[in-house]
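Visitor: I should like to learn how to read a structural model feature by feature. Could we take one residue or element at a time?

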Amino acid sequence: MKNRQPWNPDIAVLALGLALSGGAAGCNETSEPGPTGPEPEMLVADPAPLTRLTAEQYNNTVRDLFDPVPIGHIIFPVELEGRGGFENNVTLNTATPALVETYQRAARQVADAVLEDLPGALGCDPNAGTCARDWLVGFAERAWRRPLTTAEQEVLLQNFDTWATDHDVTSAVTLSITFLLQSPDFIYVPRLGADAPAPGEAAIPLTDWELAARLSYFLWNSTPDAELMDLAREGRLRDRQVLADQAFRMLADWRAVDMVVSFHRQNWDFDDVGANPIDLDFYGPVFEERGMTEEDDKSDFYYLEYSPQARFESDVFIAQHVFYGDSRLETLLTTNRTWVTQNVAEIAYQQPLDTESEPVSWSALIPQEGNDQLRAYQQEYFPIELDPTQRAGLFTMVGFLIAKAGPSQPAPVRRGVTIIDRLLCTELHPPGDVPPLEEAETEAPRTNREKYEIHKRSEACAGCHASIDGIGLTFENYDSMGRWRDTDNGFPVDASGELLSTDQDGPVSNAVELMRKLGSSRTVHDCYTRQWFRYAFGRNETIDDAPTVLALQEGFWNSDGNIIELVVNLAGSYSFRHRRGQP
């Protein structure tokens, strides 16, 4: 549970008003694909009628289903990421034998945790009368996110009665939970829709139960709560106004903060922070200044303290600016205000930290050595104003810089590729026969920049690297620990570069100027919108999605890049509430 301070309601009110009015948002009902959008013969079947719960969604769901009983965290096999970098991409998020085995183990782990406080989970004495039996029907509806059919309810209760007779009530509850949590109805979230289009429409509206689940797994990465379930039961969620009201309500919940952070974590590679090695000898003076001389002490400090603190600076930064700041994309890319620990302030930013200011408390689970177990992480982050001539936005902050770096020197290619891929949505296709950079060198370079100058002399490299290095080399002022540097190997740093193939093309003097150009770029805003579409829909866009994506992009740009407004517009869009029918 992270940073549950009150949310700024002014942003939400503005976002909801614009989203429903279609004014500044530019994304009203008639601008979306539907009766007034593309012709019916252009509509094709939804390529993602079923989505599987991600590891994050599974853990969140069992947490909310059994609250307040603590369930513990379940570790799943590593999830692949699709184009756009999202774990919920339906084309890759498929079941494997290892995953099926994990579901079996997870269901039993959840059931065992529930047994630790069965009366608390059931809300009554499980051995008293029909307590457990009555609880089971309601729980099954919440787990499957819809009412059970008569046949399903009969089978569930018959099995429960048999298990209770053959064993006892506790065993019957355990077996029932493991059955429900391994069923496709729990693991998959359908978007099949009604049997036929509504009158006057070519697309098929989703059912109220499907809308409840789709909205909750978008905005909370978790199961619908009681209010959503009640509205679905009353048949009211297909009303766009009601759906938008619910989006507004849900965005005021701490789970929405987690969701927005999770989107940026995946889109901007936060989990890469601390994953690459550091040359402890090269950066020896940094550690020695803090009284560390032994290699083990240096390693423990860097990987167990500094890297996690740098890693979660990004989470705190996103949460604070989106939910308690102005919620603008340009702010994320250009502001010099962040929240840091004392270690990060002193080492990376080389600025004093006012620990008397109000901190933000942040907690998370992070992998232990071997990545097969997790440990609790909790840290206080204090607000700080960084030097505006050195820092502008998240991509000049320590997390991104150490994630995209080599052991001793910055990695301009990795930094440039990330910006091009994740901020400009430009997919690069490097040739497969390019020799390693080291093999192509003919003389020892004096600086890191000179090392990469070889790209200009290679026909195989020059085409792509004109844009990659033009961006990546602007970050040469930042070393592999995220610190500012004016010299490299004793020579002045040259951080000049150039933007190509955007609406802000031209030379830039350093990363600060680069990020200010990108922050005001329509290309970047359109790419960011496209990434949100991929996240919300769990798939990449197709040609048939063009009207929806274009309307969302126009609305986002006209709203001055308001992120909350973009999320509300996505949730209320025609495409989010429908699936395409057969041609």
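Guide: Certainly. Let us begin with Thr174, which is found in helix α7, residues 169–182. Please bear in mind that this is a predicted model.

Visitor: Is Thr174 buried or exposed?

Guide: Burial is judged from relative accessible area, and a residue under 20% counts as buried. Thr174 has a relative accessible area of 7%, and it is therefore buried.

Visitor: Which residues does Thr174 touch, not counting those up to four places away in sequence?

Guide: Under that restriction, Thr174 touches Arg108, Ala111 and Leu115.

Visitor: Where is Thr447 found, and which residues is it in contact with beyond its neighbours within four places in sequence?

Guide: Thr447 is found in a loop, the one between α19 (437–440) and α20 (448–452). Its relative accessible area is 13%, so Thr447 is buried. Once the neighbours within four places are left aside, Thr447 is in contact with Asp488 and Phe491. One may also consider separation along the chain together with separation in space: Thr447 and Glu476 are 29 residues apart along the chain, and their C-alpha atoms are separated by 9.9 Å.

Visitor: What separates the C-alpha atoms of Asp526 and Gln553?

Guide: The distance is 5.3 Å, although the two residues are 27 apart along the chain. Asp526 lies in helix α23, residues 522–537. With a relative accessible area of 17%, Asp526 is buried.

Visitor: How should the chain as a whole be read?

Guide: Begin with the inventory: there are 26 helices and eleven strands. Of the 583 residues in the chain, 55% are buried. Among contacts between residues at least 6 apart in sequence, 72% join residues at least 24 apart. The chain exposes about 24,300 Å², and carbon and sulfur atoms supply 51% of this area.

Visitor: How is a pair of packed helices described?

Guide: Two packed helices are described by the angle between their axes and the distance between the axes. A case here is helix α11 (residues 240–251) with helix α25 (residues 563–572): their axes come within 9 Å and cross at roughly 140°. The two helices are therefore oblique to each other. The crossing of α11 and α25 is right-handed.

Visitor: Which residues make the contact between α11 and α25?

Guide: Helix α11 contributes Arg240, Leu243, Ala247 and Leu251, while α25 contributes Ile564, Val567, Val568, Ala571 and Gly572. By class, the contact has seven nonpolar residues, one polar and one charged.

Visitor: Which peptide bond is cis?

Guide: The bond from Asp67 to Pro68 is cis, with omega near 15°. Pro68 is found in the loop between α2 (55–66) and α3 (97–115).

Visitor: What is phi of Asn489, and what is phi of Asp560?

Guide: Here one looks at the sign of the angle and at the residue type. Phi of Asn489 is near 60°, a positive value in a residue other than glycine. Asn489 lies in the loop between β7 (487–488) and β8 (491–492), and at 56% relative accessibility Asn489 counts as exposed. Phi of Asp560 is near 65°, again positive in a residue other than glycine. Asp560 is found in the loop between α24 (546–558) and α25. Its relative accessible area is 44%, so Asp560 is partly exposed.

Definitions and conventions:
Residues numbered from 1 in each chain as written. Predicted model: local features only at pLDDT ≥ 70, side-chain atom pairs only at ≥ 80, totals over all residues. Heavy atoms only, no water. Axes fitted to C-alpha atoms, helices over the stretch in contact; angles between N-to-C directions. Helix = DSSP H or I, 4+ residues; strand = E, 2+ residues; numbered from the N terminus. Parallel < 35°, antiparallel > 145°, perpendicular 65-115°, else oblique. Left-handed = near helix turned anticlockwise from the far one by under 90°. Contact = heavy atoms within 4.5 Å. Nonpolar A, V, L, I, M, F, W, Y, C, P; charged D, E, K, R; others polar. Buried < 20%, exposed > 50% of the residue type's maximum accessible area, 1.4 Å probe, protein only. Areas by Shrake-Rupley, 256 points an atom, 1.4 Å probe, with all protein chains shown as cover.
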